[in-house]
Amino acid sequence: MDKIRVMIADDHAMVRQGLKTIIELEDDIEVVSQAANGEQAVLLARQDKPDIILMDINMPVLNGLQAIKILKEENCDCKIIVLTLHQDREYLFRTIQQGCEGYVLKDAESSVLIEAIRSVYHEKTYIQPNMTGELVKEFNRITLIEHDNSITKNLTNREIEVLKLIADGLINKEIAKKLFISEKTVKNHISNIFKKLDVNDRTQAAIYAFKHNIKT
């Protein structure tokens, strides 16, 4: 019987080794490669073509979100399970939007991780059970915004430009330089954007931009 081939991408060597030990207790799963950062994850995914990638979010060089974006844009056959400490629903929603097939917290029981690997391998999406409620909350919040078409229409052209750059991960100083305006003006635009979109922070604004395909 063919084994499920797994790659582990995490910047902590002890975490990688611990995961490898847990995973290889199972007769039907093996670890074929390990990456210490997002760039290595992309290179090894291309080289080793694992069935499943366990992807951490906070990694050097390229973070997990950046690595996921590259692999999904390349139509990589690897299925990706995000394995992270982040319980924020914004991270969960964003990774699912990017096309990830699973989301598991690092403090989950080992049985949860093994179930996730097997489920995703068999073409299912796996969200750790106690996180599904957070996904529904974020989806409902954004869906409510979608129904109010006037919200997007109320954004000025300049505010839409700023929103696109927020979604690209630029900080205020970088946005000001890009648009040839002052940082104070950028802050004013961002404040207006938050009010019009009914969001509280840059992450929520970025999620809105991704959801509505408002990006550069």
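Strand E4 (residues 79-84) and strand E5 pair in the parallel sense over four bridges; two strands count as paired if DSSP finds at least two bridges between them. Thr84 stands opposite Leu105 in E5. From E4 the chain crosses through helix H4 (residues 89-97) to E5, and this β-α-β crossover is right-handed. A crossover is called right-handed if, with the strands pointing away from the viewer, the path from the first strand over the helix to the second runs clockwise. Helices (H or I, at least four residues) and strands (E, at least two) are DSSP runs, numbered from the N terminus.

This is a predicted model, in which local features need pLDDT of at least 70, side-chain atom pairs count only at pLDDT 80 or more, and totals for chains, interfaces and linings use all residues. Residues are numbered from 1 along each chain as its sequence is written, and side-chain values use heavy atoms, with hydrogens and water left out.

E5 also pairs with strand E6 (residues 126-127) in the parallel sense, over two bridges. Here Tyr103 stands opposite Ile127 in E6. The crossover from E5 through helix H5 (residues 110-121) to E6 is left-handed.

In a regular strand the side chains alternate between the two faces of the sheet. Both faces of E5 (residues 102-105) are covered, with Gly102 and Val104 buried on one side and Tyr103 and Leu105 buried on the other. Buried means under 20% relative accessible area, exposed over 50%, and partly exposed in between (1.4 Å probe, protein chains only).

Most residues other than glycine have a negative phi. The table lists two residues with a positive value.

| Residue | Phi | Loop | Relative accessibility |
|---|---|---|---|
| Phe180 | near 60° | between helix H9 (172-179) and helix H10 (183-197) | 77%, exposed |
| Asp198 | about 60° | between H10 and helix H11 (202-211) | 58%, exposed |
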